[in-house]
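Here is a chain to get to know from scratch. Have a look at it first, and then we can walk through it together.

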Amino acid sequence: MIQPYCTQILGDLGAEVIKIEHPVRGDDTRAWGPPYAPYKPGTKADGPGEAAYFLGANRNKKSLGLSFQHAEGIDILHKLVAKCDVLVENYLPGTLKKYSMDYETVRKINPGLIYASITGYGQTGPYANRAGYDVMVEAEFGLMHITGQRDGPPVKVGVAVTDLTTGLYTSNSIMAALLGRARTGKGQHIDVALSDCQTATLANIASSCLISGKKDTGRWGTAHPSIVPYRSFKTKDGDILFGGGNDRLFGVLCDGLGKPEWKKDAKFKTNADRVANRQQLEAEIEAVSQQKTTEEWLQVFEGSGMPYAAVNDVQTTLNHAHTKARNMVVEMEHETCGPIKMVNTPVKFSETQPSIRSVPPMLGQHTDEILGDHLGMSQSDISVLKERGAIC
């Protein structure tokens, strides 16, 4: 997920992205279903369809099916390296050296190349050669310990959040390296580790531990360790989150809940008081919040200035009025699957708006185009390589 997400961001921002895939099985995420977008009747494609997982992270890319096991495949990669600005890889340290695709080798072909290596634990350190997926890193580097209900077990975040933040860090670093190259003419090797990015995104919790020298305060569910009330509460038909982040906002909440007397209650008067009497206050709020539906509470607090939010599922989120107003879901025509919906790129530019120019590719869809247009290979040469299994 990390590498596809990183390069999808770059593709959304206008980069031409060539995705190198195994010529038979392709990217692993092509098989990560269901669900699948089914193939249209009459197409030559076999199987259940295109995996939703793959479709979610591979737009604005061209697929080149190529085998590292063939010398011709390595030769093609070296020729592409000579022409490309950036190479992104996520193999264990040292793995690509046997294919002559390590940084020290390819920098001789293209000294200006930005070479980004994404791994679980980085190019150095005692865990460097350990394979790492998002959930393992969430566990070992603190995130899982602080995620979950107060008295419940540790849980992973609902999406592969460490993969996503690592993809964001990597894409940002690549753009900084490109700016640096514009000044110096030199490329460089970027070493990005899930473990480092996870540690960095512990943010204020890490800072608290470093300053205090003490352990973190554990899991808080939707609550906040030092602000009360600041969590989700049950309603008649769901959940709603209230954020009484200061005394004034707590007063707004009290009025909205029909409990103005709480504002003068000595147990609740300041945030410190409310933290000290957390259990009592939260129980009293929830006794009131369960008397109305989530939508009714949303109407009560509309325009109040107090932070509040419904706790929505993903399908509701994708069909949310604000999601639609921000154009965060778009529909594209997939030549083999027909119309498919995708989450749009989130950033809005005033002059150069990022866009979805092409849907996620079929395996090897652009092999002929890339080898012909970029490397000047003839169709007969391409056909020979296909027969040998070097490309697809």
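What follows is a short tour, from the whole chain down to single residues.

**The ground rules**

This is a predicted model, in which local features need pLDDT of at least 70 and side-chain atom pairs count only at pLDDT 80 or more, while totals for chains, interfaces and linings use all residues. Residues are numbered from 1 along each chain as its sequence is written, and side-chain values use heavy atoms, with hydrogens and water left out.

**The whole chain**

Lay the C-alpha atoms along the principal axes and they fill a box of roughly 85 × 55 × 40 Å. There are 16 helices and twelve strands in the chain. Helices here are DSSP runs of H or I with at least four residues, strands are runs of E with at least two, and both are numbered from the N terminus.

Of the 392 residues, 41% are buried. Buried means under 20% relative accessible area, exposed means over 50%, and partly exposed is in between, using a 1.4 Å probe and protein chains only.

Contacts (heavy atoms within 4.5 Å) also say something about the fold. Take those between residues at least 6 apart in sequence, and 67% of them join residues at least 24 apart.

The chain splits into domain 1 (1-202 + 328-388) and domain 2 (230-310). Those bounds come from an automatic or database domain assignment. The centres of domain 1 and domain 2, taken over C-alpha atoms, are 44 Å apart.

**A strand wrapped up in domain 1**

Let's start with strand 6 (residues 114-119). Why can we call strand 6 largely enclosed by the rest of the structure? Because six of its six residues are buried. One side carries Ile-114, Ala-116 and Ile-118, the other Tyr-115, Ser-117 and Thr-119, and both faces are covered.

Strand 6 also has partners, where two strands count as paired if DSSP finds at least two bridges between them. Strand 5 (residues 86-89) runs parallel to strand 6, with four bridges between them. In that pairing, Leu-87 sits opposite Tyr-115. To get from strand 5 to strand 6 the chain passes through helix 4 (residues 103-109), and this β-α-β crossover is right-handed. In other words, with the strands pointing away from the viewer, the path from the first strand over the helix to the second runs clockwise.

Strand 7 (residues 188-193) is parallel to strand 6 as well, and six bridges join them. Here Ile-114 has Gln-188 as its bridge partner.

**The sheet in domain 2**

Now for an open sheet of three strands, in the order 8-9-10, with antiparallel pairing. Strand 8 and strand 10 (308-310) are at the edges with a single partner strand each, so one side of each has no neighbour in the sheet. On average, neighbouring strands are turned by 20 degrees against each other, direction ignored; the axes behind that angle are lines fitted to C-alpha atoms, for helices over the stretch in contact, and angles run from 0 to 180 degrees between N-to-C directions.

Five bridges hold the antiparallel pair of strand 8 and strand 9 (residues 239-243), with Tyr-230 opposite Gly-243.

Ser-232 is a nice residue to click on in strand 8. Its relative accessible area is 14%, so Ser-232 is buried. Leaving aside residues up to four places away in sequence, Ser-232 touches Thr-222, Ile-240, Leu-241, Glu-286 and Val-311.

**Salt bridges**

A salt bridge is a side-chain nitrogen of Lys or Arg within 4 Å of a carboxyl oxygen of Asp or Glu. The structure holds 19 of them, including these:

| Salt bridge | Closest N to O |
|---|---|
| Lys-97 and Asp-102 | 3.9 Å |
| Arg-231 and Glu-286 | 3.1 Å |
| Arg-278 and Glu-282 | 3.7 Å |

The partners at the top of the table make an uneven couple. Asp-102 is buried at 11% relative accessible area, whereas Lys-97 is exposed at 56%.

What about the pair Arg-231 and Glu-286: buried or exposed? Both are buried. The side chains of Arg-231 and Glu-286 meet in a salt bridge. Arg-231 belongs to strand 8 (residues 230-234) and Glu-286 to helix 11 (residues 278-289), so this pair ties together parts that are 55 residues apart in sequence.

Arg-278 and Glu-282 both sit in helix 11, four residues apart, which is about one turn of the helix. Both of these residues are buried too. Through shared partners, salt bridges join Arg-231, Arg-278, Glu-282 and Glu-286 into one network.
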